[in-house]
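Got the viewer open? Let's take a short walk, starting with the whole chain and then zooming in on a couple of spots.

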Amino acid sequence: MSIAATDISWASGGEAIVQGVTLEVREGETFGLLGPNGSGKSSLLRVLAGLRVPQSGQVALDGADLRAMAPRRIARRIAVVEQHAATDIAISVIEVVRLGRTPHHGILSGWTAEDDRIVEKALARVDLGHRRNQPFHTLSGGERQRVQLARALAQNPTHLILDEPTNHLDIQHQLEILALVQALPITSIVALHDLNLAAMFCDRLGVMKAGRLIACGAPEDVLSAAMIADVFGVRAHVAPSAHHGRVHVQFLR
Ligand SMILES: Nc1ncnc2c1ncn2[C@@H]1O[C@H](COP(=O)(O)OP(=O)(O)O)[C@@H](O)[C@H]1O
Ligand SMILES: [Mg+2]
C-alpha cells in the first residue's frame, strides 16, 4: 500500500512546476506536504493521484505504474480531495457522499445496502449526518470540505490524498479531521500550511520549494529554524513540545 514517485517532473506552458521529485510514502503512513503558496504542492499531489501525467519520471502504486492503470481502477485505490473542490450543482450532501461509491460500480447500477452503510458511516465520521438532505452549495466552506472528505472516505480507498483539507475549518474541526486522517489505517498524503498541526499529526513531512522537494523526514528533523527561514522567509524557534511528543514551532518577530 505504498505510493512511490521517482524523479517526476511536470511542466505546463513551458514552465517547470514540479522538478525531479522522488518520494516514497509508506503503507499506513500520514505524510504531510509543506511549502509556500505556488511551490508546487497541488501539482505534485495531482501527479501522485494520477490526475496529471508527468513529462518524466514515474509514479508507482504498490509497484505498479499508474500510467498503466485505468482511471476507474486508480479511483478504487486513491481518493482525492482537491483544494478547490467547489461545485454549484444542486445536489444534496448525501448525494455528494454517494459519488464516492461510483468507482466501485456504475452510477445507477448495483447499489446495495452495504453502500448505504458505508455512506452513512462516512457522513457520521465527519460529523455531518444531520446535514444529509441539505443542498451541498448552501453549506459553509468548512462543511463542504468535510463533506468532500466523507465522499473520499466512502470511496474506501487504500490511499488518501488531501490538498489543504483544513483551510476553511475552525480549530476544533481542524484537530478532529487531522486526528481522523492520522487514525485511518490507510496511506495518506496531506498538504498543510500549519507547521504545528503538521508536526502533531504527520509521521513524516516533505517540504516543497519552487517545485522541488527540498526536505523529507520526521517532523523533528525537517522542522528547523533554518528550513523555516529559507523556505518561508520567517524567523522561528523550534523546540520539543511540552504537551506532545513532537516539536513545536513558535514564530518570532
Ligand atoms: N495548469 C497550470 N498551468 C500553468 N501553471 C500552473 C498550472 N497549475 C499550477 N501552475 C503554477 O504552478 C505553480 C505551483 O502551483 P501549485 O501546484 O498550485 O502550488 P501550491 O499548491 O504549492 O500553492 C504556481 O505558480 C501556479 O501558478
Ligand atoms: Mg495548492
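Start with a cartoon of the whole chain: you should find nine helices and 12 strands. The chain's radius of gyration is 18 Å, close to the 18 Å that the globule rule gives for 253 residues, so it is as compact as a globular protein of that length. Keep in mind that this is a predicted model. Along the principal axes, the C-alpha atoms fill a box of roughly 55 × 40 × 30 Å.

Switch on a surface next. About 11800 Å² of the chain is accessible, and carbon and sulfur atoms own 52% of that. Of the 253 residues, 48% count as buried.

Now select ligand 2, the magnesium ion. Which residues coordinate it? They are Ser42, through OG, and Gln83, through OE1, at 2.0 to 2.3 Å. The two come from distant parts of the chain, 41 residues apart: serine 42 sits in helix H1 (residues 41-48), while glutamine 83 is in the loop between strand E6 (78-81) and H3. Click on each in turn. Serine 42 counts as buried because its relative accessibility, 16%, is under the 20% cut-off. Glutamine 83, at 22%, counts as partly exposed.

Last stop: threonine 102, in the loop between helix H3 (93-98) and helix H4 (113-125). Show its side chain and you'll see it reach the backbone oxygen of leucine 99 at 2.7 Å. Threonine 102 is partly exposed, with a relative accessible area of 24%. Then add glutamine 155 to the selection: it lies 53 residues from threonine 102 along the chain, yet their C-alpha atoms are separated by 7.9 Å.

Terms used. Residues numbered from 1 in each chain as written. Chains lettered and ligands numbered in written order. Predicted model: local features only at pLDDT ≥ 70, side-chain atom pairs only at ≥ 80, totals over all residues. Heavy atoms only, no water. Helix = DSSP H or I, 4+ residues; strand = E, 2+ residues; numbered from the N terminus. Buried < 20%, exposed > 50% of the residue type's maximum accessible area, 1.4 Å probe, protein only. Polar contact = N/O pair within 3.5 Å; in protein donor to acceptor, adjacent residues only side chain to side chain. Donors = N, O, S within 2.8 Å, 3.2 Å for Na, K, Ca; no water. Rg over C-alpha atoms; globule rule 2.2 N^0.38 Å. Areas by Shrake-Rupley, 256 points an atom, 1.4 Å probe, with all protein chains shown as cover.
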